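Reader: I have a new structure to look at, and I would like to learn how to read it. Could we go through it together, step by step?

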Amino acid sequence: ETIRKIERAAPLARSPSCSISKWQFGCVEADALLSSGLETDSLHEVKAAMPVSGAIAGAWMASLGFALRLAVRRLEMAREKQASSTAPWILWCWPRVLAGELGRPSAAGLMRLGLDPARLLIVETARADEALAALEDGLKSQSLALAIGVFNEIDLTPARRLSLAAGEGRTPCLAITHPSSQPAGATATRWRVGWAPSAAHPFDAKASGNVRLRLQLERARARPQSVNLSPLLLEWSDETHCFAMASGLADRASETRVPQSRARG
């Protein structure tokens with residue numbers, strides 16, 4: 001009890017990243033959906049769009065990919081505000097069954113995105129309720145830049161507990177849930193995300209370019225007028241670590257190219 005009082009008396013001394021108020025996409029159109037960016041003391045849900053072909057694993061990857069890119073954005077802002085040279089921590093919690101089904105995070109892949117795998121704390125549990133408890137404890141610790149949980153679904157009571165813990169610890173939480181499960185309650189926002197054809201590569205016509213995602217805001221507690229508008233087609237840059245609206249000209253580049261035989265004629 002004495003240690004707990006000491007920790008709660010000086011949380012910012014342990015984790016300057018917790019005081020960060022802005023968490024944005026870096027894209028004007030996407031940031032306009034939320035007046036002040038994603039709340040950094042709340043629970044946010046990410047769900048993949050249901051695939052037409054029924055390939056659920058691929059849909060999961062869309063929501064995971066989007067969440068990890070939001071994590072990159074969060075860490076970029078944490079580094080700007082943090083006084084110490086120590087990089088902030090991210091907590092990742094999920095049950096073992098999902099880890100076996102979806103595959104564990106790749107260190108090389110995380111590095112390519114801009115996430116240092118050495119700063120990722122992974123908690124893998126036998127049961128989903130144990131992972132939820134670990135996620136809640138991590139949020140209350142006030143020592144994280146971000147907490148991420150991956151679950152098939154989150155019932156109302158645990159969702160409320162996570163939301164309260166995020167507020168108490170002033171730490172944001174991303175909950176990635178099954179595409180077809182019921183939405184979690186007590187969330188500040190809920191995002192529906194799906195893959196889109198990648199951009200054209202600037203130097204190699206046979207290679208894929210920047211990743212593109214189709215994003216829709218399904219819930220916004222603080223800004224309900226932004227809900228269920230037309231989806232945004234966003235493009236992620238591995239160089240700038242920002243989202244941007246996908247260029248329509250890039251999609252039509254192949255259509256406007258003159259065939260070589262016609263050009264000769």
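Author: Gladly! Let us begin with an idea we will need for the interior: a cavity is a set of grid points where a 1.4 Å probe fits but cannot get out, and its lining residues have an atom within 4 Å of a point. Please keep in mind throughout that this is a predicted model.

Reader: Which residues line the largest cavity?

Author: The lining is made up of Leu68, Ala71, Leu75, Ile90, Trp92, Leu115, Asp116, Arg119, Leu120 and Ile148. Two elements give two or more residues each to this lining: helix H4 (56–81) and strand E2 (90–95). H4 gives the most, with 3 residues.

Reader: What is the volume of the largest cavity, and how do the residues of its lining divide into nonpolar, polar and charged?

Author: The volume is about 70 Å³. As for the lining, 8 residues are nonpolar, 2 are charged and none is polar.

Reader: How many cavities of 30 Å³ or more does a search of the whole structure find?

Author: The search finds 2. The second largest cavity holds about 30 Å³ of space, and its lining consists of Leu33, Leu215, Gln216, Leu217, Ser226, Leu229 and Ser230. Here the division is 4 nonpolar, 3 polar and no charged residues.

Reader: Let me step back to the whole chain. How many helices and strands does the protein chain have?

Author: There are 11 helices and 9 strands. Of the 265 residues in the chain, 45% are buried. On the outside, the chain exposes about 13500 Å², and carbon and sulfur atoms supply 53% of that area.

Reader: What can contacts tell me about how the chain is put together?

Author: A good habit is to ask how far apart in sequence the partners are. In this chain, among contacts between residues at least 6 apart in sequence, 73% join residues at least 24 apart.

Reader: Can we look at some residues of helix H4 in that way?

Author: Let us take Leu70, which is found in helix H4. Because its relative accessible area is 1%, Leu70 is buried. Not counting residues up to four places away in sequence, Leu70 touches Trp23, Phe25, Leu38, Leu174 and Phe243. Leu70 and His241 are 171 residues apart in sequence, yet their C-alpha atoms are 9.4 Å apart in space.

Reader: And is Arg69 buried or exposed?

Author: Arg69, also in helix H4, has 9% relative accessibility, so Arg69 counts as buried. Leaving aside neighbours within four places in sequence, its contacts are with Leu113, Val211, Trp236 and Phe243. From Arg69 to Phe25 the separation is 44 residues in sequence and 9.2 Å in space, C-alpha to C-alpha.

Reader: Where does Val211 lie?

Author: Val211 lies in the loop between strand E6 (189–196) and strand E7 (212–220). Buried means under 20% relative accessible area and exposed means over 50%; Val211, at 27%, therefore counts as partly exposed. Beyond its neighbours within four places in sequence, Val211 is in contact with Arg69, Trp195, Leu234, Glu235 and Trp236. Val211 also lies 9.6 Å from Gly65, C-alpha to C-alpha, although 146 residues separate the two in sequence.

Reader: What should I look for in the backbone angles?

Author: One thing to look for is a positive phi in a residue other than glycine. Arg170 is such a residue, with phi near 50°. Arg170 is placed in the loop between helix H8 (156–169) and strand E5 (173–177), and its relative accessibility of 34% is why it counts as partly exposed. Ala186 also has a positive phi, about 65°. Ala186 sits in the loop between E5 and E6 and, because its relative accessibility is 25%, counts as partly exposed.

Reader: Which parts should I read with care?

Author: Where pLDDT is low, the predicted coordinates should not be read in detail. For the chain, the mean pLDDT is 85, and 82% of the residues reach 70 or more. Over residues 9–20, pLDDT stays under 50, and the model has 30 contacts beyond four places in sequence for this stretch. Residues 249–265 also stay under 50, and for them the model has 4 such contacts.

Terms used:
Residues are numbered from 1 along each chain as its sequence is written. This is a predicted model: local features need pLDDT of at least 70, side-chain atom pairs count only at pLDDT 80 or more; totals for chains, interfaces and linings use all residues. Side-chain values use heavy atoms; hydrogens and water are left out. Helices (H or I, at least four residues) and strands (E, at least two) are DSSP runs, numbered from the N terminus. Buried means under 20% relative accessible area, exposed over 50%, partly exposed in between (1.4 Å probe, protein chains only). Contact means heavy atoms within 4.5 Å. Accessible areas come from the Shrake-Rupley method with a 1.4 Å probe; for residues, only the protein chains shown count as cover. On a 1 Å grid over the protein atoms alone, a cavity is a set of points where a 1.4 Å probe fits but cannot get out, and a pocket is an open set with protein on both sides within 12 Å along at least five of seven lines; lining residues have an atom within 4 Å of a point. Grid points are joined across faces, edges and corners, and a volume is the space filled by probe spheres set on the points. Ala, Val, Leu, Ile, Met, Phe, Trp, Tyr, Cys and Pro count as nonpolar, Asp, Glu, Lys and Arg as charged, and the others, Gly among them, as polar. pLDDT is the predictor's confidence in each residue, from 0 to 100.
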